[in-house]
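Colleague: Could we go through this model together? I should like to begin with the fold and then turn to the contact between the chains.
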Amino acid sequence: MRGITFVRQFGEVILAIAIAPLFAGWIAQCRAWMQSRSAPPVTQPYRMLRKLFNKDAALAETASPLFRITPYVLFGTMVLAAAIIPSLATDLPFARAADAIALIGLFATARVFLSLAAMDIGTGFGSMGARREMMIGFLAEPALLMVLFNASLLYGSTALPSLVDGYRAHPTIIDPSVIFAAVAFVMVLLAENARIPIDNPATHLELTMIHEAMLLEYSARHLALVEWASYLKLFNYACIGFALFVPWGIAIHGADGGGALALSIVALLGKLVVAGSALALIETLSAKLRIFRAPEFLAMAFLLAVLGLLVHLLLGAR
Amino acid sequence: MHLLHPFTVPVINVLNLLAACLLLLSFAMLSRRRTQRLITLFAWQGGILCLSTSLVAYSSGLHELYYSAALTLLLKVIALPLILRRLIYRLGAEWDSETMVNIPVTMLAGLMLVIFAFGLAQPISMMATTITRNMLGIALAVILLSFLMMITRRKAVTQVIGFLAMENGLFFAATSATYGMPMVIELGIALDVLVGVFILGLFFFQIREQFESLDLRNMENLKEE
């Protein structure tokens, strides 16, 4: 029995790595449709990754070892995060190993490495992007923590698998605080993954860049790994959202065999399709904020999460 | 504690959810600068109010409340937003926005107000016998947030929207604490609000005539020489 859970864990991670670019491609396609442009194929991210892996890497002369290892660190942390997040089943060895607060720490590690690497070369745009990223990060983290505390007030744990199990034990209760937490979470997701109200992932104007500005010096396989890590980050955030707010279909503790797992894969794919088009809709409807408005946006996310806590105390269900 | 009508658990859940939505919309209104968005949010608030009122009517069996839900729908979701939209179109103020408002500080103040309102409503709601009594705190918070919006904004149209949102909060307090006011009073209030908007609409034109802008800061200079 012990061995089979490790096999499942391995399968979950492989699935996450494999479909994360597909998710990003799906969002890009939806965006193109909604903006009545002709859409790139869903598999475009895979093609880009293949192209980048086949190229020769160029490194700046001033690059330190930190700059070289950062892509691997980023990819590694994101894969580890994908293993911790219960996207398919809660009864997996890694899922029980760390709670959501450790998960936020993991994301913070990746951010610190990326920012240091961006400053490493010493170009203006790189350090500008790094500073902006740190600003967004330090504002987004408390909001995300508040969202998690909100969930832990409901189910008495900060570990994502326990949250999912707790939710499935009382599926009829909809707590009003969940709305606040969900809105706050979506805002944090947009900010953390360089989506449109905060940062435009498709921009070519260096002055407005945040995430892209940090990657300017990377090329070939390093760039491919960094890009893949950012696809994985988006996928991971989506999976955290599913675990917190719509954990239907995730194989819970004690669910046996392939049936539940197959169902959970179908459920995950369905949720990704819906979430991807919803994200594309949000990005299409909103305009990019000026960088000085970003603190306002994230302060609002934080306040909404705190409000969720208050509302839970006032009119919590049960 | 005896209950007037035993609500079923799902109904209470949905009512709580709607109350939370109302509070969320109040905060969204606080955070918006553009007048047009505010009107849309105001219409949404009316929609939520209409839903919650008809839900209370359905589960308490009070048919009067259906009428007030219909009135809400007619007045606050359809008529008032339409009138306000036409007004700002006629005033040429469609793209007006408040640039000088510090949104994060306003939101923080709003959060404090919510805590205050919840604390204030706790002992009052203990005395109420209706099952929806927990929502008194939310209603109070909505009223105070609308107050805050009226205080912090400078444009005349925005202040009127704040006033109308405050009326929404009062209405919600009435349905949640006492299952609604008598029909005569409700009709009177509805008529007052409607007439109030017409009169304030006239004022807008007067203000603009006088100062060539809808910014109420100019009113501070109004002194007899």
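Modeller: Helices (H or I, at least four residues) and strands (E, at least two) are DSSP runs, numbered from the N terminus. This is a predicted model, in which local features need pLDDT of at least 70 and side-chain atom pairs count only at pLDDT 80 or more, while totals for chains, interfaces and linings use all residues. Residues are numbered from 1 along each chain as its sequence is written, and chains are lettered from A in the order in which they are written.

Colleague: How many helices and strands has chain A?

Modeller: Chain A contains eleven helices and zero strands.

Colleague: How compact is chain A?

Modeller: Its radius of gyration, taken over C-alpha atoms, is 19 Å, close to the 20 Å from the globule rule for 318 residues, so chain A is as compact as a globular protein of that length. That rule is 2.2 Å times the number of residues to the power 0.38. The C-alpha trace of chain A spans about 60 × 45 × 40 Å along its principal axes.

Colleague: Now the contact. How many residues does each chain give?

Modeller: Chain B gives 20 residues and chain A gives 19; two residues are in contact if their C-beta atoms, placed from the backbone, lie within 7 Å.

Colleague: Which helices of chain B supply at least two residues each?

Modeller: On the side of chain B that touches chain A, they are H1 (9-31), H4 (103-127) and H5 (135-152). H1(B) provides the largest share of that side, ten residues.
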